[in-house]
Amino acid sequence: ALTRKRDRTIATEIPARKGLWTVATVGLVWIFFAISPFGVRVMHGRQVDFKKAVSFGTPVDAVEFLKKEKHTGLVFNTFEWGDYLRWAGGPQMRIFLNSHAHLVTPEVWRSYRSISSGSGSAVDLLDRYGVQTVFVDHVRHHDLISGLKKTGEWQEIYRDGIAVILKRT
């Protein structure tokens with residue numbers, strides 16, 4: 001029944017609620033839980049392989065190698081890998097840049113871009129910042145890698161299908 005009050009129509013009947021949305025929501029929550037790493041561990045008692053849980057382009061093996069090397073000093077890295085490198089490398093990992101590039105000064109960003117491109121000033125900039133290790137992907141940073149090797153001051157210590165690590169000699 002509808003009542004009219006001062007040019008307003010007010011519904012006095014409460015529509016019947018259906019449980020379909022509740023069932024659908026609970027079902028989706030269960031599915032997402034079941035396929036999450038935590039859910040797999042709880043339900044099946046096994047740990048999900050970390051390398052299968054992250055994207056193919058994540059340098060998992062390279063970071064493990066770098067941790068075992070017990071490197072010191074600043075690591076020049078691709079900014080896309082900075083967050084992972086900081087997280088997986090632990091608190092002692094000093095990285096050049098992470099995905100929060102908007103928080104660095106324009107000078108540091110220009111330096112990053114010059115180094116990344118393998119420009120003629122890359123070696124001088126690496127020296128200026130005190131970089132001891134270069135951690136980059138070998139496809140996009142080919143010019144930088146080959147330029148550093150030619151100087152004789154940098155040695156490639158690791159390479160896989162994704163990453164290259166060079167260390168100052």
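Contact here means heavy atoms within 4.5 Å. I start with that because I want to know what packs on what, and this model is a predicted one.

**Entry 1: a helix on the sheet**

I looked up helix H8, residues 142-151, and found that it lies across E3, E5, E6 and E7. Its direction makes an angle of about 135 degrees with E6.

**Entry 2: the overall count**

I went back a step and counted the parts: the protein has eight helices and seven strands. It has 169 residues, and 32% of them count as buried. I also checked the surface, and about 11,500 Å² is exposed, with carbon and sulfur atoms supplying 58% of that. Then I looked at contacts with a separation of 6 or more: residues 24 or more positions apart account for 46% of them.

**Entry 3: the sheet**

In what order do the five strands of the open sheet come? I read off E4-E3-E5-E7-E6, with mixed pairing. E4 (94-95) and E6 stand at the edges with a single partner strand each, so each has one side without a neighbour in the sheet.

A reminder to myself: strands of a sheet pair through backbone hydrogen bonds, either parallel or antiparallel.

I then went through the pairs:

- E3 and E5 (residues 131-137) run parallel and are joined by four bridges. Phe-76 has Val-134 in E5 as its bridge partner, and Leu-74 stands opposite Val-131 in E5.
- E5 and E7 run antiparallel, with five bridges between them. Here Val-134 stands opposite Leu-166 in E7.
- E6 (residues 154-159) and E7 (residues 163-168) are antiparallel too, over five bridges. Tyr-158 has Ile-165 in E7 as its bridge partner, and a hairpin of three residues joins E6 to E7.

So Val-134 turned up twice in my list: it is the partner of Phe-76 and it also stands opposite Leu-166.

Why is E5 largely enclosed by the rest of the structure? Because six of its seven residues are buried.

**Entry 4: two loop residues**

Next I picked Thr-78, in the loop between strand E3 (74-77) and helix H5 (79-89). Is Thr-78 buried or exposed? I found a relative accessible area of 1%; buried means under 20%, so Thr-78 is buried. I left aside its neighbours within four places in sequence and listed what Thr-78 touches: Leu-97, Tyr-112, Phe-135, Val-136, Asp-137, Arg-140 and His-141.

For contrast I tried Gly-120, in the loop between helix H6 (106-117) and helix H7 (122-129). Gly-120 has 78% relative accessibility, and the cut-off for exposed is over 50%, so this glycine counts as exposed. I also checked Gly-120 against Leu-144: they are 24 residues apart in sequence and 9.4 Å apart in space, C-alpha to C-alpha.

**Entry 5: two helices crossing**

Last, I looked at helix H1 (residues 20-35) and helix H2 (residues 37-44). Their axes come within 4 Å and cross at roughly 85 degrees. Angles of 65 to 115 degrees count as roughly perpendicular, and therefore H1 and H2 are roughly perpendicular to each other.

Which residues make the contact? From H1 I noted Trp-30, Phe-33, Ala-34 and Ile-35. From H2 I noted Pro-37, Phe-38, Gly-39, Val-40, Val-42 and Met-43. I sorted them by type and got nine nonpolar, one polar and no charged residues in the contact of H1 with H2.

Conventions. Residues numbered from 1 in each chain as written. Predicted model: local features only at pLDDT ≥ 70, side-chain atom pairs only at ≥ 80, totals over all residues. Heavy atoms only, no water. Buried < 20%, exposed > 50% of the residue type's maximum accessible area, 1.4 Å probe, protein only. Axes fitted to C-alpha atoms, helices over the stretch in contact; angles between N-to-C directions. Parallel < 35°, antiparallel > 145°, perpendicular 65-115°, else oblique. Nonpolar A, V, L, I, M, F, W, Y, C, P; charged D, E, K, R; others polar. Pairing = 2+ DSSP bridges. Areas by Shrake-Rupley, 256 points an atom, 1.4 Å probe, with all protein chains shown as cover.
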